[in-house]
Amino acid sequence: MKALCWHGKHDVRYDTVPDPILEDPRDAIIKVSACAICGSDLHLFDGFMPGMKSGDVLGHEFMGEVVEAGRETTELKVGDRVVIPFTITCGQCEQCLKGNFSVCERTNRNADEAAKVFGHTTAGLFGYSHLTGGYAGGQAEYVRIPYADTTHVPVPPELSDEQVLFLGDILPTGWQAALQCDIRPDDTVAIWGAGPVGQMAIRSAVLLGAAQVICIDAVPERLAMARDGGAVTINFEVDSVVERLKELTHGKGPQKCIDAVGMESHASSSMEMLYDRVKQAVGAETDRPHVLREMIYVCRPGGVLSIPGVYGGMIDKIPFGASMNKGLTWRMGQTHVRRWTDDLLKRIASNEIDPSFVITHRARLGAGADLYKTFRDKADGCIKVVLKP
């Protein structure tokens, strides 16, 4: 079969790889009908996530049709149409029973390696390094789905692929980011990053009743899409984020702040940007935490920091004393996808939200290697890429 494979920093290739096979009686094989390039994939593309190996199949946002099911798979049959969450879940461990699906205790087949880095294992993830199990991803013609009974979202025939595809990642990620804020009717929610997750967080915060949603970015197309979703926007390359947030909140600051950027954030201050770049280059820090620093500084005392943006390792110069003294609450983590998908599927079916608004580029899978660069560089107005094998 054909797939998009990682071969090193900035080196994604459209390769021929072996077809997946059933490796366990609880597995299923799906034929991919649509997949997407996610902002988190760019952390792999840019070489910031450890544990990648040359030839790894990329992609964790995908859907398709079941073409084969293991003998112990009872919830799926050949022909079923499903979206696959990026988190692989057993549905039976202590964490899954609590709904904490992104930290499933059983699905990371490299759990010992993950525990050395993080203290405990996380769930297995599709197409996202050997620290999370080394599972082949969904930017491919076919994918093996472990624990298939609990690692799928069934979708009705009347909804299109583009309406439901993002149930696998960015829609529940933006939704969880907003829910973690415990939004109240008088809240201002500030969201850093107007990429796909930021766009979903904007619409989620609006649906959850925020009084004001503010989005910070610098890409004109992204800012325009954010305004279409109901946000007031700040271009951090034009205006001071700190001063504009003061103006928009009568000097008090936002009660809730969402980091929808993660480890590759950009600073308007050239000195701060240079500092983080140098620290990264010499291995003294792995991630650029400008957004975290800024959120801590501007957030109203007693507020909440919600962090869906991915971080992979060590960060530096975090004003933790400010966070502690202001009494800020931090809520973060990979998305517990299946906790939210039933509700979100109903909202899609009732036209409360149509996640396909975020798609700007559609192409065949073979064009994916070049579109990684387009997406990373935010060229040609690119906000979200959907690929079809």
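**Exercise 1.** Arginine 347 has 18% relative accessibility: decide whether it counts as buried or exposed, and describe its salt bridge with glutamate 352.

*Solution.*
Step 1. Use the cut-offs: buried means under 20% relative accessible area, exposed over 50%, and partly exposed in between, with a 1.4 Å probe and protein chains only. At 18%, arginine 347 counts as buried. Glutamate 352, at 38%, is partly exposed.

Step 2. Note the kind of model and the numbering. The model is predicted, so local features need pLDDT of at least 70 and side-chain atom pairs count only at pLDDT 80 or more, while totals for chains, interfaces and linings use all residues. Residues are numbered from 1 along each chain as its sequence is written, and side-chain values use heavy atoms, leaving out hydrogens and water.

Step 3. Apply the salt-bridge rule: a side-chain nitrogen of Lys or Arg within 4 Å of a carboxyl oxygen of Asp or Glu. Arginine 347 and glutamate 352 meet it at 2.6 Å, N to O. Elsewhere, Glu23, Asp27 and Arg144 are joined into one network by salt bridges that share partners.

**Exercise 2.** What parts of the chain does the pair of arginine 144 and aspartate 27 tie together?

*Solution.*
Step 1. Begin with the total, which by this rule is 24 salt bridges. One of them joins the side chains of arginine 144 and aspartate 27, at 2.7 Å from N to O.

Step 2. Locate the partners. Helices (H or I, at least four residues) and strands (E, at least two) are DSSP runs numbered from the N terminus. Arginine 144 is in strand β9 (residues 142-145) and aspartate 27 in the loop between β2 (12-16) and β3 (28-37), so the pair ties together parts 117 residues apart in sequence.

Step 3. Check burial. Arginine 144 is buried at 13% relative accessible area, and aspartate 27 is buried at 2%.

Step 4. Turn to another pair, aspartate 342 and arginine 338, which form a salt bridge at 3.3 Å, N to O. They are four residues apart in helix α12 (residues 337-349), which means about one helical turn separates them. Aspartate 342 is partly exposed at 48%, and arginine 338 is partly exposed at 23%.

**Exercise 3.** Compare the span of helix α6 with the expected value, and state which elements its buried residues pack against.

*Solution.*
Step 1. The expected span of a helix is 1.5 Å times one less than its number of residues. For the 12 residues of α6 (residues 196-207) this gives 16 Å; the end C-alpha atoms are 17 Å apart, which agrees.

Step 2. Of these 12 residues, 10 are buried, so α6 is mostly covered. Among them are Pro196, Met200, Ile202 and Arg203.

Step 3. Contact means heavy atoms within 4.5 Å. The buried residues of α6 pack against α5 (170-179), β11 (188-192), β12 (212-217), α7 (220-228), β14 (256-259) and α13 (368-377).

Step 4. Just after α6, glycine 209 has a positive phi of about 95°.

**Exercise 4.** Which residues other than glycine have a positive phi, including one in the loop between α12 and β17 (361-364)?

*Solution.*
Step 1. Most residues other than glycine have a negative phi.

Step 2. Serine 129 has a positive phi of about 80°. It sits in the loop between β8 (124-125) and β9 and is buried, at 3%.

Step 3. Asparagine 351 has a phi near 65°. It lies in the loop between α12 and β17 and is exposed, at 65%.

**Exercise 5.** How many residues line the second largest pocket, and how do they divide by class?

*Solution.*
Step 1. On a 1 Å grid over the protein atoms alone, a pocket is an open set of points with protein on both sides within 12 Å along at least five of seven lines, whereas a cavity is a set where a 1.4 Å probe fits but cannot get out; lining residues have an atom within 4 Å of a point. Points are joined across faces, edges and corners, and a volume is the space filled by probe spheres set on them.

Step 2. The second largest pocket holds about 700 Å³. Its lining has 27 residues, and closest to the centre are Phe118, Tyr311, Met332, Gly333 and Gln334.

Step 3. Ala, Val, Leu, Ile, Met, Phe, Trp, Tyr, Cys and Pro count as nonpolar, Asp, Glu, Lys and Arg as charged, and the others, Gly among them, as polar. This lining has 17 nonpolar, 10 polar and no charged residues.
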